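The report that follows describes how selected helices, sheets, charged side chains and a pocket are arranged in one protein model.

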Amino acid sequence: MQTALADFVRNSPAGREADAILRSCVHCGFCLPACPTYQLLGDELDSPRGRIYLIKQLLEGGPATESTQLHLDRCLTCRACESACPSGVRYGRLLDIGRVRLEERVPRTLSARVQRYALRKIVPSTRRVRALLSVARALRPLLPRALRARLPADIERSAPRAGDPLRAWPPPRHPRRVALLEGCVQPALAAGINPATAQVLDRIGFSTIRVAAGGCCGALSHHLSAHEESLAQARRNIDALWPLVESGVEAVLFAASACAAMVCDYGRLLGDDPAYAGRAERISALSRDISQLLAANEAALRASLAVLPPPHEPLRVAFQAPCTLQHALHAGGLVEPLLRAAGFTLTAVADGGRCCGSAGTYSLLQPELSARLRHAKLSALQAGAPQVIATANIGCLAHLRGGTTLPVRHWIELLATRLEGG
């Protein structure tokens with residue numbers, strides 16, 4: 001693709017990066033069938049190729065309109081197009097650059113600004129999310145049906161329960177150590193996921209050091225174009241993790257694939273910060289989703305499973321692979337063999353690469369499109385008559401369980417239950 005970027009961006013680092021990305025696109029159209037919004041709407045401006053043209057126009061000094069904003073807002077940033085692209089176009093990064101420039105040129109309405117600000121200030125705070133969940137639990141019968149559908153039916157499970165073995169954090173007893181960044185919304189919405197992760201790791205010889213001080217990974221602010229806020233969150237996490245990195249932990253671990261994808265990008269995001277660039281690159285290199293670490297230690301996991309009696313009736317599980325696991329981390333296909341090794345029966349899921357519609361705050365900012373995507377995803381997941389749906393990301397988990405009566409769990413919880421003899 002030929003480019004002629006405008007003076008206001010041409011010689012900036014972002015401009016040079018965008019120019020290289022634009023020039024790598026050959027207009028082939030392989031991205032179109034991979035794009036969820038194009039499949040729903042049939043409008044090329046709601047496809048990766050169409051959005052690339054809109055961003056090119058914007059960076060070349062062309063008009064920036066509310067229509068441009070609408071088409072970029074509709075993108076889920078699922079990055080399925082990147083997996084489909086034969087030219088390796090880094091569409092997600094180009095979209096980030098385009099959205100920042102668009103925010104500068106097209107002001108949002110007051111209500112939109114308030115909504116996006118509230119999301120950035122509430123969702124990344126475990127304490128605030130827990131407080132809202134407590135209020136929602138008390139007011140649940142009075143809430144509108146659409147809002148009730150967004151709340152987990154088992155909302156009381158977001159609070160820790162004394163004596164629950166699957167919520168107990170195992171004491172460190174192994175020389176091999178990993179650091180687990182607990183995140184922000186996950187401990188509030190599903191408090192059992194992180195302890196279950198630590199229990200599974202304990203069974204295969206790892207001590208898990210919990211890191212709660214860092215808080216949000218910065219992904220939410222990043223995708224809402226609040227980049228300075230996102231970078232501040234990244235620096236806070238680096239400060240919290242660095243003493244553990246210096247002490248020799250083998251990995252910085254996540255039980256939410258979206259967080260793993262974000263922290264893996266810290267090295268690039270902070271590459272121009274002399275105070276943090278080196279540490280950010282090191283932490284990115286150590287960052288792993290739990291599926292990646294367990295796949296690398298599959299022999300130890302299988303040895304722990306081998307001493308267990310086989311399940312009387314194997315549980316039928318439909319696994320939903322989050323977009324961040326597949327297209328950002330390129331770790332698709334790692335979870336399923338681990339679940340099969342644990343004795344679960346995996347049901348077939350058609351079109352497994354398609355987004356569920358959660359996409360961070362997308363389900364709140366684009367509720368109609370998100371609901372249509374969730375309906376399609378749940379139809380595919382439920383087609384094989386599973387008894388439970390499993391996923392690898394808290395956003396997908398919360399979104400999916402709002403549209404089905406089937407239990408939706410993190411796959412690591414299923415594995416922890418199996419290792420406990422369940």
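In helix 17, the residues A277, A280, I283, S284 and L286 are buried, and these buried positions pack against helix 14, strand 3, helix 15 (257–263), helix 16 and strand 4. The model in which this packing is seen is a predicted one. Helix 17 itself, which spans residues 277–286, lies across strand 3 and strand 4 and runs at about 30 degrees to strand 4.

Strand 3 and strand 4 belong to an open sheet of 4 strands, in which the order is 2-1-3-4 and the pairing is parallel. Strand 2 (207–211) and strand 4 (287–289) stand at the edges with a single partner strand each, so that one side of each is left without a neighbour in the sheet. From one strand to the next, the twist averages 35 degrees. Within this sheet, strand 1 (residues 177–181) and strand 3 (residues 252–254) run parallel and are joined by 2 bridges, and L180 has L253, in strand 3, as its bridge partner. Helix 12 also packs on this sheet, where it touches strand 1, strand 2 and strand 3, and its direction makes about 170 degrees with that of strand 1.

A further open sheet of 4 strands has the order 6-5-7-8, with parallel pairing. Its edge strands are strand 6 (345–346) and strand 8 (408–410), each of which pairs on one side only. Strand 5 (residues 316–320) runs parallel to strand 6 and is joined to it by 2 bridges, with V317 standing opposite L346 in strand 6. Helix 23 (residues 367–382) packs on the sheet by touching strand 5 and strand 7 (388–391), and its direction makes about 145 degrees with that of strand 5. Helix 24 (residues 394–401) packs on the sheet as well, touching strand 5, strand 7 and strand 8, with a direction at about 170 degrees to that of strand 8.

Turning to the charged side chains, the structure holds 25 salt bridges, among them the three pairs listed here with their N to O distances.

| Salt bridge | Distance (N to O) |
|---|---|
| E17 and R90 | 3.2 Å |
| E104 and R101 | 3.3 Å |
| R203 and E420 | 3.7 Å |

The side chains of E17 and R90 meet in a salt bridge. Because E17 lies in helix 2 (residues 13–24) and R90 in the loop between helix 6 (80–84) and helix 7 (91–105), this pair ties together parts that are 73 residues apart in sequence. E17 counts as buried, at 18% relative accessibility, whereas R90, at 37% relative accessibility, counts as partly exposed.

The pair formed by E104 and R101 is a local one in sequence, since both residues lie in helix 7, 3 residues apart, about one turn of the helix. With 53% relative accessibility, E104 counts as exposed, whereas R101 is buried, with a relative accessible area of 18%.

The side chains of R203 and E420 also meet in a salt bridge. R203 lies in helix 12 (residues 193–203) and E420 in the segment after helix 25 (411–419), so the pair ties together parts that are 217 residues apart in sequence. Both partners are partly exposed, R203 with a relative accessible area of 36% and E420 with one of 45%. Elsewhere, D73, E103, R108 and R116 are joined into one network by salt bridges that share partners.

The last topic is a pocket. The second largest pocket has a volume of about 550 Å³, and its lining consists of 20 residues, of which A14, R93, R268, L269 and D272 lie nearest its centre. Helix 2, helix 7, helix 14 (227–246) and helix 16 (266–269) each supply at least two residues of this lining, and helix 7 gives the most, with 6 residues. Two of these helices also appear in the packing described at the outset, where helix 14 and helix 16 are among the elements against which the buried residues of helix 17 pack. Helix 2 and helix 7 likewise return from the account of the salt bridges, with E17 in helix 2 and both E104 and R101 in helix 7.

Definitions and conventions:
Residues are numbered from 1 along each chain as its sequence is written. This is a predicted model: local features need pLDDT of at least 70, side-chain atom pairs count only at pLDDT 80 or more; totals for chains, interfaces and linings use all residues. Side-chain values use heavy atoms; hydrogens and water are left out. Two strands pair if DSSP finds at least two bridges between them. Contact means heavy atoms within 4.5 Å. Axes are lines fitted to C-alpha atoms, for helices over the stretch in contact, and angles run from 0 to 180 degrees between N-to-C directions. A salt bridge is a side-chain nitrogen of Lys or Arg within 4 Å of a carboxyl oxygen of Asp or Glu. Buried means under 20% relative accessible area, exposed over 50%, partly exposed in between (1.4 Å probe, protein chains only). On a 1 Å grid over the protein atoms alone, a cavity is a set of points where a 1.4 Å probe fits but cannot get out, and a pocket is an open set with protein on both sides within 12 Å along at least five of seven lines; lining residues have an atom within 4 Å of a point. Grid points are joined across faces, edges and corners, and a volume is the space filled by probe spheres set on the points.
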